[in-house]
Each structure stands twice: as structure tokens, then as C-alpha cells.
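Me: I would like a close look at a single helix in this model and at what surrounds it. Please take me through it step by step, and then place it among its neighbours.

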Amino acid sequence: MYREAIDVMPGGSSRATIFYAPYPLYAASAKGCRVTDVDGVERVDFVNNMSSLIHGHNHPAVNAAVKAQLDRLTAVSMPTESEIALARELCHRLASVDRVVFTNSGTEAVMMAIRAARAFTGRSAIAKAEGAYHGAYDFAEVSVNSTPDTWGSADAPSAVSATEGIPDYVNEDVIVIPYNDLDATEALIEASRDRLACIVIDPVVSRAGLIRGRPEYLARLRALCDAYGIVLIFDEVLSFRLGYNGAQGQSGIRPDLTALGKIIGGGFPVGAVAGSAEVMSVFDVRMPHVKIHHGGTYNANPITMTAGLKTLELLPPPAYARLDALGARAKAVLTAGLAEEKLDGFVRADGSLLSIFFGGRDSDRFRDLPRSDRQTAMQRYLHSALLDEGIISTPFSAFILSTAMTEAEIDALGEAAARCFAALKRQFG
């Protein structure tokens, strides 16, 4: 199948984040926490479509709601009741949110949130954290994967494009801040306060190793934004799965805007910009001069809205507590496996999200976490070895849990990982 794919897609891939050498496995079907590939091999899925499937695959209640909606309406150039219902649910869960507009991906949500901040403030520059990923948008895709050769001073990180094709002028309007370094961040914000439209920040930085913002750090960002009229944007595309009120509910900090995605679509393409009535007024179509014309053929598609609402209805507070318990168990069995083989590594975890690192030391600073070629090779080896053990993880050793899992799947992960760690020890010493 991969040979066929390379005839019609560049490199045989339409989604770089799920490619791995020599070729990816192709899925045929899935149910609960298990996926069966085209060769008939069943594996436990610890990726869950990069976290969007918090209930796993083909949840019967979500499927039933979607099938009923399919019989009524799939897409239409009119609003539907379903978008009101999902928006209301988001307003209920997030104390910072009065109004919501929908998009079709987390990337679009961040893009529109930045545009809203610029329209609201009349400024153009943005600040974002070094090592944080906010989607495939020019101004967000800066200093995502910078290295010691390119990242510049620790107190004033360089703005480095993450990919080719981003104009040089983009970096001039992006202030890169060192996550959890309060003094350096404050100095950078102070220096650019008159041109900053927004600070885009993850309360939990997934791409940089599940680093959670220190309470005093997030509180100071809120205070700086209040002092200088800067819009504070929380990217909760991933972290909204961490609690009934998202990561912002756990932090107690209320952003002006929140970018959402993944689980709020129930497995269908989705994104949302949510925030205060004041800032969200830039989207108000009733105004004589609408500041932002927010169109999109599939925005608030009723299939997505229906699936998203049912997904959230199946996530009362006890569901998050159960996921947290499974996450803690997964961290324990993985950590025990590393210790048993005396492998130099550690496990970072936050709720239902986990990552394994090899070498270096644990830290809540981006630059302190290991990023050597050896680590990359070990993570790729582990990914391949786990596939042979019937476990699907990401190629960079991340694990994402679903409510479809039980302690049995977590223990199976621990047993499989133990065998893979032994092989790693033999391979890498």
C-alpha cells in the first residue's frame, strides 16, 4: 500500500506527523482501544488519533448520535441547533468563555485567535514559548524545534522558522519567550509591550515534553497582559482533555481567548476560538463593519457538532479522575521498566498524556530536556519494538490514553515495554 501511496502523494504521505520509516502501517478497522491493520494484526492504540479520540474508536453512543444526524443532515449553508448546543457546553465548562466560533482544525483555531487579537488591539506582534507547537501557521510555527545551534540566548531566544516556506519577515513579528523563566519572559514582554497583540501559550506544553506552566508564571503572564492591553491566548487544543474545565480550570488563570480542537469534535475535524464577549466581538456579524470575516464551508458542520457534544456529555468529572488514575499507573509501570533495566531515562506524565525520555534529566524548562541524536534513535527503536509487541505509540515515545482502556491494557503496556527496554539495553548499552 505504501508503494501505491508514493505514486500519488509526495513521499507517500499526506500527514507528516504519522509517517515513520520504512513505511507506516495502514489501518483497516478499529473498536474501543484496539486498531486492526490491513494485514489483520490487532494492536492496542496509545495514540488515539493524536489525542482526539478520548473515548477510543467507534464509541457506540457517539456513533449512534452521528448516524442519527447523518439521516437528518450532513452539511448545509445554514446554521443548525447542534452548533448552539456545543457552544453552550463549552461556555459552561470554561469560566473564561462567553462566546465561541468554530473552525475545522486546531491550526485554524490558533490562526483565528491570533487574528482576533490583532483586530482587537490594532497591533501585529505575537509572543510564544520556545519549543511550543501551535499548528501549521506561519506565525505559530516559529522556534518549535530549534536546537542549540540555532536557539540563541536563554534569556532572549532566537525566532527560528520551523520549516521552509515561511517568509523572513514573520520572525520579526514573533517574540520567543523561555517557558517558565519568569524574569526573562517579563523582560521580553516589557520590551515589546507596545507592539504585542497577544501571548499564545500552552498551559501544558505537549511538544516540549508535557511541561506544565508554573502557577506563578501563568499568573504573571495574566498580569502583564492586563497591564499592557495584550490578549492572553491559551492553546488548549490538546490540554482540554486534562480536566472537566481544561488545564485553565486547574491553573485558575482565565485567558482572554482559548483555542480548542481535538476532543471537542468527537473524532471529526474541528477547532474553535472561545473567549470573552469583549474580544470575541471582532467576529460579530451584526456590526456595520465586521472586523473579522470568519467564513468556512465546514465550520460548525452538524456531524462534527453532534459527535463533539456527545463526546463531552460522556466526560463528567469522574471520567477525568479515572483517566488520571490510568495515567498514573502507566507512568509507574513504565518507570519501573526503565529502572529494572537500569536505562538512563524518565517518564513525564500529565493526566492521560505520557512521554518517555532517554538520557538527560527531568525538568520543566525546554532547553534542559534531552534532545540528542541518541535519544531520537532510542525513541524510534522503542516505537518499532512496541509495534511488534502489539502496542501503538508515537515515533517520539508519547502515549495518549482513552476511556476505552482499563488497567489490563496499562499492565499489558508495562509488560511489553519491559521487554522492549531489555532489547534497548542490548542495542544501545
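The reply below begins with one helix and then turns to the parts around it.

Me: What covers the buried residues of H10, and which residues of H10 are buried?

Reply: A word of caution comes first: this is a predicted model, and everything that follows is computed from it. Helix H10 runs over residues 302-313, and its length is what one would expect, because its twelve residues, at 1.5 Å a residue, should span 16 Å, and the C-alpha atoms at its ends are indeed 16 Å apart. At the N-terminal end the helix is capped by Asn301, which places a side-chain oxygen 2.9 Å from the backbone nitrogen of Ile303.

As for burial, ten of the twelve residues of H10 are buried, so the helix is largely enclosed by the rest of the structure. The buried residues are Pro302, Ile303, Thr304, Met305, Thr306, Ala307, Gly308, Leu309, Thr311 and Leu312. Their cover includes helix H2 (60-72), H3 and S4. From the side of H2, one residue can be followed in detail: Gln69 lies in that helix and, with a relative accessibility of 7%, counts as buried because the cut-off is under 20%. Leaving aside neighbours within four places in sequence, Gln69 is in contact with Pro302, Ile303 and Thr306, and Ile303 is also the residue whose backbone nitrogen faces the cap from Asn301.

H10 also takes part in something wider, since it supplies at least two residues to the largest nonpolar core, as do H3 (81-93), strand S4 (99-103), strand S12 (271-275), helix H11 (317-340), strand S14 (353-358), helix H12 (373-388) and helix H13 (407-428). That core has 50 residues, and those with the most contacts inside it are Phe46, Phe102, Ile356, Phe358 and Phe421. Ile356 shows how many parts can meet at one side chain: not counting residues up to four places away in sequence, Ile356 touches Leu334, Leu338, Phe346, Val347, Gln379, Leu382, Phe396, Ser397, Phe399 and Phe421. Apart from this core lies another, of 31 residues, among them Ile114, Phe139, Val142 and Ile166.

Two of the residues just named, Phe46 and Phe399, are both buried, and they belong to the aromatic pairs, of which the structure holds eight. Their ring centres are 6.3 Å apart and their planes stand at 75°, so this pair is edge-to-face. Because Phe46 lies in the loop between S3 and H2, while Phe399 lies in strand S16 (residues 398-400), the pair ties together parts that are 353 residues apart in sequence. For a second pair, one can look at Tyr137 and Phe139, whose ring centres are 5.9 Å apart with planes at 50°, so that pair is tilted; Tyr137 and Phe139 are buried too.

The loop that carries Phe46 begins after S3, which leads to the sheet. Four strands form an open sheet in the order S1-S2-S3-S15, with mixed pairing, and the edge strands, each pairing on one side only, are S1 (27-31) and S15 (391-392). Strand S3 (residues 42-45) runs parallel to S15 and is joined to it by two bridges, with Val44 having Ile391 as its bridge partner in S15.

Notes
Residues are numbered from 1 along each chain as its sequence is written. This is a predicted model: local features need pLDDT of at least 70, side-chain atom pairs count only at pLDDT 80 or more; totals for chains, interfaces and linings use all residues. Side-chain values use heavy atoms; hydrogens and water are left out. Two strands pair if DSSP finds at least two bridges between them. A nonpolar core is a set of buried Ala, Val, Leu, Ile, Met, Phe, Trp, Tyr and Cys residues joined through side-chain atoms within 4.5 Å. Buried means under 20% relative accessible area, exposed over 50%, partly exposed in between (1.4 Å probe, protein chains only). Contact means heavy atoms within 4.5 Å. The expected span of a helix is 1.5 Å times one less than its number of residues. A polar contact is a pair of N or O atoms within 3.5 Å; within protein, one must be able to donate a hydrogen and the other to accept it, and residues adjacent in sequence count only if both atoms are side-chain atoms. Rings of Phe, Tyr and Trp (its six-membered ring) pair if their centres lie within 6.5 Å; planes under 30 degrees apart count as stacked, over 60 as edge-to-face and the rest as tilted.
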